[in-house]
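Open the model in your viewer and get ready to select residues by number. Each stop gives you something to pick, then tells you what is there.

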Amino acid sequence: AIPPPPRRGPGSSSDPRADPPGLREQAAAMFEEWARVSETPGRDDEMLMNWATQLTHAGMLKCDDTTERFLHILTELVVAHCLSSEAPAPAGGPHTLLNFAAIDAYARLVLLLVKFLKQERGGNDAAQHLVLFGQALDMTAAVLQRDAEERGPAFNPRPYFRLFAALVMSLGAPDPVLDATNIQTLVPIASALLQVQPLRVPGFSFAYLELISHRNILPRLLLAPGQKGWPLFQRLLSVMPKFMEPYLRNAKLSEPVRLLYKGTLRVLLVLLHDFPEFLCDHHFNLCDNIPPSCIQMRNLILSAFPRNMRLPDPFTPNLKVDLLPEISQSPRILAEPEHVFRNKHLHQEVDHYLKTRLPSTFCSDLRQRLLLPPHEAMACGTHYNVPLLNALVLYVGIQAIAQLQSKSPQVQSPITQSAPMDVFQRLVTELDTEGRYLLLNAIANQLRYPNNHTHYFSCVLLFLFAEAQNEMIQEQITRVLLERLIVNRPHPWGLLITFIELIKNPRYNFWSHSFTRCAPEIEKLFESVARSCMGPPPRPS
């Protein structure tokens, strides 16, 4: 039985909207009645629908503020009931025991009301069942947020996870109340989860990760007609690396963060295996939120390639990358990098320089524009605006490819003699060590499956290596490539062909550089990677 309704349940103490007089007692009485009816032996759909009609007569199903308050109160009541049942864990058990009967009864009530509105109302009210479903999810998220704020470290996410999971599980029922193939069914679920994302409610992080990867959410969002669920899932997934970034930045992980990181890697592995096109299309936005230290996580995203493509073996002797049919095709990228620097008053200046190479001071001024204000740099752990730098690199590359394609073969100039290459060459020369490392990482993020972006940025890196006047630049280019190759597989195709070309082509004279032999363990590392790529490396004379 549900206990008498408390005046202050989870999340109610500072709610800005006061309950109408008597609503809390009325809601508790109705739920008590529902608990009795739903457990009555021999009950049928007609009995349950008749009971739902009573809520209509009471004015609870208008999908207005009263409905929201009603659902908010019920959420508080069932969570309070669940938490009040907490009992010590059995010997050796990891969790205390909770009674989820009230939570499950409330989930069944929400689904009944959704079914009732779907069947009983038509015409202009045909979508009211989705409105009520969204209200129930939003009220769950609102109560959860306030409960987490009030309880702090004592917050218990399990009742809320149980409630979200019950509603999500209903999408896979044999006779589902809601059409799980309809994106309008999935939008309120994703919206509610974003309200309780780890950046807002850290105590709900593990539950959040499990919910977004649930079999009734992840595949349904990604298989929604017209790929309408892709942007939603990209937002849901991007939260994870963004939340973990401060912890991952220094690679000093507590056990909970380590588990969260491993869980996120497993979700990415599922996507790489079952939905590689999603990772291909959203690689820019996803990598934008991954700190430089998370090399394997980034490799998983960059290794994706369309399922209808057969990758050429990067270890094929004398592979002519520029003759591959796929190398002239542009990849689909569901991001517009210019949006990042449009608000920075940089977009027009970049376009003007790429067309005219004027003003001559543009490249030297650019470094200062990439720096963060001191207070932001302290919070971000870097002096540079990394999203801005990533966007600049991709945008300049896209414009460079467009310039090359617009010229006829008779008048085509090499990519090395161009304004875009001037930008890359000046930046790699004038940035400090930190900025240069971030720049080279942004370039390496475009070394993916065979396409014209991979080919262009591979040429950029190799040209910067060949033309570098300072061996420190060559060492940093090597570091960026090598640190992505020494982690566990998979390795992006474009990364492999770039590194193989670097160590194999005599033009780059790679093995003559002192950094390849600066210590015995470094020398062995280079030899090991080179052996796996192309056989034993030549010994310098």
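**Stop 1: a charge over a ring**

Select R479 and Y437. R479 lies over the face of Y437, 4.1 Å from the ring centre. Keep in mind that this is a predicted model.

**Stop 2: helix α21**

Now select residues 433–444, which make up α21. Is this helix mostly enclosed or mostly open? Count its buried residues to find out. Ten of the twelve are buried, so α21 is largely enclosed by the rest of the structure. Y437 is among the buried ones, along with G435, R436 and L438. The run L439, L440, N441, A442, I443 and A444 is buried too.

Next, check the length of α21. Twelve residues at 1.5 Å a residue should span 16 Å, because the expected span is 1.5 Å times one less than the number of residues. The end C-alpha atoms of α21 are 16 Å apart, which agrees. While you look along the helix, recall a general rule. An α-helix has 3.6 residues a turn, so residues three or four places apart point the same way.

**Stop 3: the largest pocket**

Which helix gives the most to the lining of the largest pocket? It is α21, with five residues. The pocket holds about 690 Å³ of space. Select E245, P291, P292, T382 and V386: of the 30 lining residues, these are the closest to the centre.

Now show the helices around the pocket. Each of these supplies at least two lining residues:

- α10, residues 230–248
- α13, residues 283–288
- α18, residues 374–380
- α19, residues 386–406
- α21, residues 433–444

Colour the lining by type. You will find 14 nonpolar, eight polar and eight charged residues.

**Stop 4: E376**

Stay with α18 and select E376, which is found in that helix. E376 has a relative accessible area of 34%, so it is partly exposed. Add G435 from α21 to the selection. E376 and G435 are 59 residues apart in sequence, and their C-alpha atoms are 16 Å apart in space.

**Stop 5: the second largest pocket**

Move on to the second largest pocket, with about 570 Å³ of space. Of its 21 lining residues, L319, K320, V321, I497 and E501 are the closest to the centre. Three helices give two or more residues to this lining: α22 (452–467), α24 (493–504) and α25 (520–534). By type, the lining has twelve nonpolar, five polar and four charged residues.

**Stop 6: aromatic rings**

How many aromatic pairs are there? The count comes to 14. Select F155 and Y160. Their ring centres are 5.8 Å apart and their planes meet at 25°, so the pair is stacked. Both F155 and Y160 are buried.

Compare that with F465 and Y508. Their ring centres are 6.4 Å apart and their planes are at 80°, so this pair is edge-to-face. F465 lies in α22, while Y508 lies in the loop between α24 and α25, so the pair ties together parts that are 43 residues apart in sequence. F465 has a relative accessible area of 0% and is buried. Y508 also counts as buried, because its value is 7% and the cut-off for buried is under 20%.

Widen the selection to F465, F499, Y508, F510, W511 and F515. Together they form one aromatic cluster.

**Stop 7: backbone oddities**

Here is the general background. Most residues other than glycine have a negative phi, and most peptide bonds are trans. Now look for exceptions.

Begin with N509, in the loop between α24 and α25. Its phi is near 50°, a positive value in a residue other than glycine. N509 counts as partly exposed, at 46% relative accessibility.

Jump to C63, in the loop between α2 (45–57) and α3 (65–84). C63 has a positive phi of about 60°, although it is not a glycine. C63 is buried, with a relative accessible area of 13%.

Which way round are the two peptide bonds below, cis or trans?

- L358 to P359 is cis, with omega near -5°. P359 sits in the loop between α16 (347–356) and α17 (362–369).
- R489 to P490 is cis, with omega near 10°. P490 is found in the loop between α23 (471–485) and α24.

Methods: Residues are numbered from 1 along each chain as its sequence is written. This is a predicted model: local features need pLDDT of at least 70, side-chain atom pairs count only at pLDDT 80 or more; totals for chains, interfaces and linings use all residues. Side-chain values use heavy atoms; hydrogens and water are left out. On a 1 Å grid over the protein atoms alone, a cavity is a set of points where a 1.4 Å probe fits but cannot get out, and a pocket is an open set with protein on both sides within 12 Å along at least five of seven lines; lining residues have an atom within 4 Å of a point. Grid points are joined across faces, edges and corners, and a volume is the space filled by probe spheres set on the points. Helices (H or I, at least four residues) and strands (E, at least two) are DSSP runs, numbered from the N terminus. Ala, Val, Leu, Ile, Met, Phe, Trp, Tyr, Cys and Pro count as nonpolar, Asp, Glu, Lys and Arg as charged, and the others, Gly among them, as polar. Buried means under 20% relative accessible area, exposed over 50%, partly exposed in between (1.4 Å probe, protein chains only). Rings of Phe, Tyr and Trp (its six-membered ring) pair if their centres lie within 6.5 Å; planes under 30 degrees apart count as stacked, over 60 as edge-to-face and the rest as tilted. A charge sits over a ring if NZ of Lys or CZ of Arg is within 6 Å of the ring centre and within 35 degrees of the ring normal.
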